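Biologist: Let us go through this structure together, one question at a time. Please keep the answers short and spell out each term.

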Amino acid sequence: MRTILLTALAASVLSATVLAAEGAPPEGFKALFNGKDFTGWQAKRGSPESEADRAKWLQHWKAEGGIVRFDGQGPNLWTSKTFKDFVLMLDWRFPKPGDSGVFIRGNSKSQINIWCNDMGSGEVWGYRTDGKQPEAVRKACTPLKKMDKPVGQWNTFVITMKGDRLTVELNGEVVIRNAQLPGVPPEGEIALQRHGNPIEFRNIYIKALPQAKTDDPVQAVIEAVEKSSIDRRIRLLAPEKARRLAELVRKAKPRLVVEGGTAIGYSGLWIARELKAAGRGKLITMEILPELAREAQANFKKAGLEDYITVKVGDARKMVKDIEGPIDFVFLDCHPPNYYPCFIGLEDRLRPGAVAVADNAGYGARGMADYTKHVRSKYNSHIEWFDINLPWSKRDAIEVTIIEPPKAKKE
């Protein structure tokens with residue numbers, strides 16, 4: 001009988017054959033796939049999807065007899081929930097040679113590859129092929145051995161993610177051992193990757209792990225500022241949106257970020273942490289209330305980020321005109337009616353390809369209507385919705401704009 005050897009963190013020896021037959025998760029684990037339908041899964045990451053959108057991808061992802069069958073033609077399939085530290089178990093097989101993967105922490109860079117390659121599955125493509133990463137990081141993301149079974153047979157992953165460290169077992173053998181993934185988000189969704197070819201999954205189980213202790217002072221300050229903001233009802237960017245903002249900053253690799261609306265520094269902490277991780281960049285953040293600006297500066301210093309942030313006190317609508325460009329990234333989180341004058345005041349210094357993110361695009365839509373009308377008519381701009389968990393709101397959105405002319409429509 002085939003067995004799955006878990007890591008010491010999972011501390012179990014299980015029969016995959018029995019699990020497949022019974023459809024029950026092992027002790028301490030929860031099923032991510034219930035074997036019957038795609039409850040808890042969606043194709044639109046980070047925001048609700050319409051029934052029409054769901055019907056489209058359900059043509060390609062099928063739940064049949066306890067197995068997820070993908071025909072290769074649809075989108076990636078994401079969990080609707082996010083996860084921090086965990087052990088993830090799943091079986092996979094190719095009906096014919098192909099390529100796929102598992103995204104963890106809501107991030108395609110931290111993809112655990114499933115492929116028919118001499119290197120073997122388990123490889124972390126986004127880090128192994130990143131020439132900016134240290135050699136030790138790239139090497140650790142390369143499989144120690146190839147443990148894939150022949151095409152047509154079931155394979156078993158046991159994926160352990162704790163802090164920024166990843167261990168992957170494939171068919172009972174460790175193929176990635178304690179690899180560091182610098183800059184990996186602390187939390188995010190899990191995805192089954194589409195790569196243009198059929199693949200099947202089953203027995204998808206997850207076990208949450210106690211949070212890893214970290215020497216990163218930024219996370220501790222973020223959590224303290226989040227709690228203080230909620231207790232004092234200082235409106236802040238929700239954690240769900242903050243992770244998306246950090247992801248956009250990480251991808252943009254900006255040298256200059258401008259923020260309107262500092263408050264006590266919650267979003268600034270998320271932005272500056274990405275700048276520090278990249279080893280470059282500056283955030284100029286503006287707050288009209290001196291007492292909040294002083295508190296934000298103290299939080300930035302406590303987090304060790306003061307070298308990456310300049311706090312300006314005053315009316316952002318006026319101060320943006322004096323910021324020297326080029327500007328690579330803009331985050332607007334002040335009073336929604338002020339978004340438009342703030343944006344217009346710096347628009348001429350935006351670098352081509354710059355990113356602008358506006359918070360409160362859901363509940364503040366009416367107040368920022370002039371802003372959204374402007375960016376949607378002139379640039380590539382779209383709204384992203386999030387289910388959030390704040391006392392004053394359970395759902396909100398951000399407007400994400402790329403500062404490039406929209407592509408010409410085909411006749």
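Biologist: Which residues do ring pairs link into a cluster?
Modeller: Rings of Phe, Tyr and Trp (its six-membered ring) pair if their centres lie within 6.5 Å; planes under 30 degrees apart count as stacked, over 60 as edge-to-face and the rest as tilted. Ring pairs join four residues here into a cluster: Tyr339, Phe343, Tyr371 and Tyr379.

Biologist: What should I know about the model first?
Modeller: This is a predicted model, where local features need pLDDT of at least 70, side-chain atom pairs count only at pLDDT 80 or more, and totals for chains, interfaces and linings use all residues. Residues are numbered from 1 along each chain as its sequence is written, and side-chain values use heavy atoms, with hydrogens and water left out.

Biologist: How many aromatic pairs are there, and what is the angle between the planes of Trp78 and Phe103?
Modeller: The pairing rule gives a count of 11 aromatic pairs. Trp78 and Phe103 form one that is tilted, with centres 5.7 Å apart and planes at 50 degrees.

Biologist: Why does that pair tie together parts that are apart in sequence?
Modeller: Helices (H or I, at least four residues) and strands (E, at least two) are DSSP runs, numbered from the N terminus. Trp78 sits in strand E7 (residues 77–79) and Phe103 in strand E9 (residues 99–104), so the pair ties together parts 25 residues apart in sequence.

Biologist: Are Trp78 and Phe103 buried or exposed?
Modeller: Buried means under 20% relative accessible area, exposed over 50%, and partly exposed in between (1.4 Å probe, protein chains only). By that rule, both Trp78 and Phe103 are buried.

Biologist: What kind of aromatic pair do Phe343 and Tyr371 form?
Modeller: Phe343 is in helix H10 (residues 339–346) and Tyr371 in helix H11 (residues 369–378), so the pair links distant parts of the chain, 28 residues apart. Phe343 is buried at 0% relative accessibility, and Tyr371 is buried at 0% too. The centres are 5.5 Å apart and the planes 80 degrees apart, which makes the pair edge-to-face.

Biologist: Which residue lies over the face of Trp154, and which over the face of Tyr363?
Modeller: A charge sits over a ring if NZ of Lys or CZ of Arg is within 6 Å of the ring centre and within 35 degrees of the ring normal. At 5.1 Å from the ring centre, the residue over Tyr363 is Arg235. At 4.2 Å from the ring centre, the residue over Trp154 is Arg202.

Biologist: How many residues of H6 are buried?
Modeller: Helix H6 (residues 239–252) reaches 20 Å from its first C-alpha to its last, close to the expected 20 Å. The expected span is 1.5 Å times one less than the number of residues. H6 is mostly covered, and its buried residues include Arg244, Leu245 and Glu247. The count is 10 of 14.

Biologist: What covers the buried residues of H6?
Modeller: Contact means heavy atoms within 4.5 Å. The cover includes strands E19 (327–332), E20 (350–358), E21 (380–390) and E22 (393–402), and also helices H5 (217–232) and H7 (266–278).

Biologist: How many salt bridges are there?
Modeller: A salt bridge is a side-chain nitrogen of Lys or Arg within 4 Å of a carboxyl oxygen of Asp or Glu. Arg128 and Glu123 form one at 2.6 Å, N to O. Arg128 is partly exposed at 22%, whereas Glu123 is buried at 0%. The count is 27 salt bridges.

Biologist: How many residues apart are Lys227 and Asp231?
Modeller: Their side chains meet in a salt bridge at 2.8 Å, N to O. Both Lys227 and Asp231 are exposed. Both lie in helix H5, about one turn of the helix, or 4 residues, apart.

Biologist: Which residues are linked in a network of salt bridges?
Modeller: Two members, Arg244 and Glu247, are buried residues of H6. The linked residues are Arg45, Glu189, Arg244, Glu247, Lys251 and Glu384.

Biologist: Which helix gives the most to the largest nonpolar core?
Modeller: A nonpolar core is a set of buried Ala, Val, Leu, Ile, Met, Phe, Trp, Tyr and Cys residues joined through side-chain atoms within 4.5 Å. The largest has 42 residues, and Leu245 and Leu269 are among those that touch the most other members. With 6 residues, the top contributor is H7.
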